[in-house]
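Colleague: I'd like a close look at one part of this fold, namely the charged pairs, and then a walk outward from there to whatever they lead you to. Keep it chatty, please, but stick to what the model shows.

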Amino acid sequence: MLSVIILGTGNVAENLFFAFQGTKHIAVEQVFGRNPSSLQKFAKKVDVVSDYADIAQADIYIIAVSDKALGNVAEKLSDKKGLVVHTSGAEAMDAIKSKNRGVFYPLQTFTKGRVLGFRDIPICIEARTNTGLEQLKQLAQSISRSILIVDSGKRKKIHLAAVFCNNFSNHLFHIGKTICESENLPFDLLKPLLLETVEKLGTLSPFEAQTGPARRNDITSIKKHEELLAKNAYQKIYAIMSESIQKTYEKKL
């Protein structure tokens, strides 16, 4: 049985807490949060603390806070004997100065109010020692069947890829919704298209799946779209995306 303390009360911390609660071999002993009010959602299920001095000893300390707060929180755990890990995709393992340190990075988007199942969520792990790595394997395997040992350099690239695939694509969904609403059209009209866009990646690579005016080098349609976006900040995004697609497929056009 591994004892775990989670430091943080946000979306990642909450999802990890509930995931570990459903296992037989992981015991979440405490949840730490600097704001006592944010601890209320955990208070009936586990010991909660808001003072660093009250943090207990445990096998693993999971720091699930913002990247900018990571170093400060990690510094407060310098006296702990357990393995100290963070959950960041963009920060190196050495953002933690403890000798016994590592990374436990769930590759998923976490949103307030949504608790996810972890069985298919890839978890990227890294540790300074072999003992620490074995502990993280045990921790990850308790909730997921997709575990990858990834060093800090590769994890940063994975995080970059995730920003393109998730954060940027979601912003494009927002733009599409805004355009629909400008004509009093429901965004639901686009949802079957969005679902098919993802579904076909089960059988095609993104390169093979690409469609649209830029893929066909349909200059007439592209110009019409740019005219519709005249004096709109989205016009620049449209132009950059279209040019990138055209360059990707220029040998095939």
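Modeller: Let's start with R145, which is exposed, with a relative accessible area of 61%. Bear in mind that this is a predicted model. R145 pairs with D120 in a salt bridge, and their closest N and O atoms are 2.7 Å apart. D120 is exposed as well, at 55% relative accessibility. As for where they sit, R145 is in the loop between α4 (130–141) and β8 (147–149), while D120 is in the loop between β6 (101–106) and β7 (123–127), so this pair ties together parts that are 25 residues apart in sequence.

The count of salt bridges comes to nine, and two others sit within helices. In α5, K177 and E181 are four residues apart, about one turn of the helix, and their side chains meet in a salt bridge at 2.4 Å, N to O. Both count as partly exposed: K177 has 33% relative accessibility and E181 has 43%. In α10, K247 and E243 are also four residues apart, so about one helical turn separates them. Their salt bridge has its closest N and O atoms 3.2 Å apart. K247 counts as exposed at 51%, whereas E243, at 41%, is partly exposed.

Those two helices bring us to the largest pocket, which has a volume of about 2,400 Å³. Its lining takes in 49 residues, and the closest to the centre are L172, F173, Q210, M241 and I245. Helix α5 gives the largest share of that lining, 15 residues. At least two lining residues come from each of several helices, including α6 (191–199), α9 (219–228) and α10 (234–248).

Helix α5 (residues 152–182) also holds F168, which is partly exposed at 42% relative accessible area. Together with L160 and F164, F168 makes a nonpolar surface patch of about 320 Å².

And covalent ties, in case you were about to ask? The disulfide count is zero. For C124, the closest cysteine sulfur is the one in C165, and at 14 Å that is too far for a bond, given that a disulfide needs the two sulfurs within 2.5 Å. Their surroundings contrast too: C124 is buried, with a relative accessible area of 1%, and C165 is exposed at 61%.

Methods
Residues numbered from 1 in each chain as written. Predicted model: local features only at pLDDT ≥ 70, side-chain atom pairs only at ≥ 80, totals over all residues. Heavy atoms only, no water. Buried < 20%, exposed > 50% of the residue type's maximum accessible area, 1.4 Å probe, protein only. Patch = residues over 30% accessible without salt bridge, like charges linked within 9 Å, V, L, I, M, F, W, Y side chains within 5 Å. Areas by Shrake-Rupley, 256 points an atom, 1.4 Å probe, with all protein chains shown as cover. Salt bridge = Lys/Arg side-chain N within 4 Å of Asp/Glu carboxyl O. 1 Å grid on protein atoms, 1.4 Å probe; cavity = no way out; pocket = protein on both sides within 12 Å on 5 of 7 lines; lining within 4 Å. Points joined across faces, edges and corners; volume = space filled by probe spheres on them.
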